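Work through the exercises below with the sequence and the model at hand. Each task is followed by a solution in steps.

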Amino acid sequence: MKPHRRNRLALILFISFGLSVTVGLTLFALSQNINMFFTPTQVAQGEVQPGQAFRIGGMVKEGSLVKNELDLAVRFTTTDFVSDVPIAYNEASGILPDLFREGQGIVAEGSVDAFGIFQATKVLAKHDENYMSPEVKAAMDAAKLLNADESDLVNEELTK
Amino acid sequence: MLPEIGHFSLILALNLCVLLSVFPFIGSVKGDVVLMSLARPLTVGVFVFVALAYVSLTAAFATDDFSVLYVAEHSNTLLPERYKLTAVWGGHEGSFLLWIFMLSGWMLAVAHFSRSVPLDFLARVLSILGMLSVGYLLFLLATSNPFDRVVPLAPADGADLNSALQDFGFIVHPPTLYMGYVGFSVVFAFAMAALLSGRLDSAWARWCRPWANVAWAILTLGLCLGSWWAYYELGWGGWWAWDPVENPPLITWLLGTALVHSLAVSEKRGAFKSWTVMLSILAFAGSLLGTFITRSGLLTSIHAFASDPERGIFILGILVLSIGGGLLLYAVRSPLLKGGVGFELSSREMFLLTNNVLLVVAAASVLLGTLFPMIFQALTGKLISIGPPYFNAIFIPLMIPLIFFMAVGPLSMWKSTSVRSMVTRLGRVAMISLVLGIGLPLVITLEFDFWSIAGVGFALWISLSMISDFGNKIRKKSNIVEGVRGLSLSYYGMQLAHIGVAVMVAGISLTSSYSIEKSVLLQSGESTDLGEFNFEIGAARSVSGKNFSGQEVSINVSKDDIFLTELLPQRRVYFASGTPSTEMAIDAGFLRDLFVTLGEQKENGAWSMTLYVKPFVRWIWLGALFMVFGGLVSAADKRYRYLQESVDKNKKSLATYSSGKTADVGV
């Protein structure tokens, strides 16, 4: 083989080796870091195993927020207006975001414990009050479909 | 009246853009000097009318004209003046107008500074930028007109600017980021013009390079400001979150970085031309993807605008047309390109190629992680998100070889460089960085921490190799002054930017390794320790501003019983929207930041709060600033300055145009 051909071959081998290693590592990393998302109704129907990490999204139910006076523990209920899931969070792992309020859409990360309580490690609320995250919106839409008869009620709640 | 003038100006600008994208282009195909000469005045016209529209909208904000829907939605009579003037980019419509304004500014700059570029080439560049502007202006006028009126009754007061945006970061981050983003449109237009004319040579690379460098530098600044703003505003002490909207600018930046290096090879050696053009298209695609993701509302993000899907489809249309067109042109014309000169496996070309491959792969893997949730949802209907661990797991291993080659590349020779000479030149640097990299963190903290050792070691590896190269270059000259003067600005720019990377790498690794935080519930008079610092809670008092009221807590920080500083975090409620907002208190320092965010006050008077100590976090942005200056300094190199003689030569070549010297023109 001529030297420049040999160089070119080495180059191609080098690049394809690098690429395949990277693609393999990337896919592996991707598969390890997928966070599934479930709606309160899916959780209530037992689609998630206790202990499995996932994200849940919905509205903070009116009147459900309880903050302890002596420590940083917080409890509230998230709802898609069909099912409710109780959530426990401790602000020792981070103060709740500014826009966390009753009636506001939130997304929480964590897992369900043996008592059916979602133990959140992180709670996200969005910075734009007009903006609803796709997850929360999807949860609401799914619930609306399930609950077509009560859709007027849901709309009323949403427009509040 | 003024909003109508603004609206009308936009329509006029659109018409001028149509003319700009048609006539100079036809002129360049036919070799008609008169038509080509229209490019400059038309560009000036586009700029004037877009600027007029922009000023009209700003005036509507300044005068509280709530009959304009966009103003009513994003401003309020109580909003401080500085935010009224900048609230223009507080929402979707206005920020897209800013985007177009930036593009017309870049076009004006191209028209003004490219006097040495042949007229037919310039006509093509401006005309392609005109085509892009047509798309953007159509989008703005058809789906997101910022001048829409509220009929028949205007509200008495506006809804207010989102309280999270009322901050200095909001004034500087969006315009800078947009300016950097849009700069890659110019590079794209240069590449397209080169493909069309078949004039893809070193001269083209030399014309294109300063624009690429400046766009890259401004994008770097935009990213840096965004990171800094997120750090102090969002209140979780993070400087990068792999948020789906943070990622596209990073992807664009990675591709832009590859492009800046590949252009160097194209200019100096005439090689990698095809690849450089491809990177120009990709970097531009990255910038469009950024707008698409932000404005379509497809992904969960703190940046997302409340938006409707129609806009997303329109932008997707622009994206497909411009990028598809670019790729098609590339496919048709690039086989005509002649390959560059050969080079050996151990050569500067090869090291720069490695750099390019790593950067592009990094960009691709960030893109994959960003878009994967969307693809997954389309295929399975299930909603997922990809967490930061994915990005860290992929990005860091790719950056390590990149950093390794950063020291090797600049010291190597074009075409061929012997491995042995590299080993002798870098052996000492490697030894010193290894010893100090392990030694310094170990001696100072008395703990073994892999990432801080790697960070310090690699930072030394880059900076020492730069210093040793600088020393060698100067030693060749008879005296130091002559040596320092003898080196080109582009060399100094490269040095600065690479040292910036070293500073940033050190900052990232040290702040990731040694940051500590804790959330506590404390009453006035109580205190707590975090690391070597003591935080003592003092009294709370009321504060108020023009459009908010709130409370402020005094916190005294001391170290070894010596008072250091008083931190005053606030909790505000904005009148117009009623939204609460925390204002962190930060004591910034060269070696460490102390920072407190305030939560709520409990019934017994205790405050919940999070305390942070973040060593070396400032180095991340300091490094980015070095890169910005590096990019600007090398763009100012005198070989990119347009000399009078080349202008004369240009005139001469124009004279020969009419005699049919346009064989290479046309597709």
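**Exercise 1. Decide whether B:S287 is buried or exposed, and describe its surroundings.**

Solution. The model is a predicted one.

Step 1. Take the relative accessible area of B:S287, which is 1%. A residue counts as buried when this value is under 20%. B:S287 is therefore buried.

Step 2. Locate the residue in the chain. B:S287 lies in helix 11 of chain B, a helix that covers residues 273–296.

Step 3. List the contacts, leaving out residues up to four places away in sequence. B:S287 then touches B:W99, B:Y181 and B:T252.

Step 4. Set sequence against space. B:V182 is 105 residues from B:S287 in sequence, while their C-alpha atoms are 7.3 Å apart.

**Exercise 2. Describe how helix 15 and helix 16 of chain B cross, and which kinds of residues make the contact.**

Solution.

Step 1. Identify the two helices. In chain B, helix 15 spans residues 419–445 and helix 16 spans residues 450–475.

Step 2. Give the geometry. The axes of the two helices come within 8 Å and cross at roughly 145°. The crossing of helix 15 of chain B with helix 16 of chain B is right-handed.

Step 3. Find the residues in contact. On helix 15 of chain B they include B:R425, B:L426, B:V429, B:I432 and B:L436. On helix 16 of chain B they include B:I453, B:V456, B:L460, B:W461 and B:D469.

Step 4. Sort the contact residues by type. The contact between these helices has 13 nonpolar, 7 polar and 2 charged residues.

**Exercise 3. Set out what chain A and chain B contain, and how many of their residues are buried.**

Solution.

Step 1. Count the elements. Chain A has 4 helices and 7 strands, and chain B has 20 helices and 11 strands. The order along the sequence of chain A is α-β-α-β-β-β-β-β-β-α-α.

Step 2. Read off the buried share. In chain A, 41% of the 160 residues count as buried; in chain B, 58% of the 667 residues do.

Step 3. Look at contacts between residues at least 6 apart in sequence. In chain A, 54% of these join residues at least 24 apart. For chain B, the share with a separation of 24 or more is 73%.

Step 4. Add the surface. Chain A has an accessible surface of about 8,700 Å², with 57% belonging to carbon and sulfur atoms. Chain B exposes about 26,700 Å², and carbon and sulfur atoms supply 67% of that area.

Conventions
Residues numbered from 1 in each chain as written. Chains lettered and ligands numbered in written order. Predicted model: local features only at pLDDT ≥ 70, side-chain atom pairs only at ≥ 80, totals over all residues. Heavy atoms only, no water. Axes fitted to C-alpha atoms, helices over the stretch in contact; angles between N-to-C directions. Left-handed = near helix turned anticlockwise from the far one by under 90°. Contact = heavy atoms within 4.5 Å. Nonpolar A, V, L, I, M, F, W, Y, C, P; charged D, E, K, R; others polar. Buried < 20%, exposed > 50% of the residue type's maximum accessible area, 1.4 Å probe, protein only. Areas by Shrake-Rupley, 256 points an atom, 1.4 Å probe, with all protein chains shown as cover.
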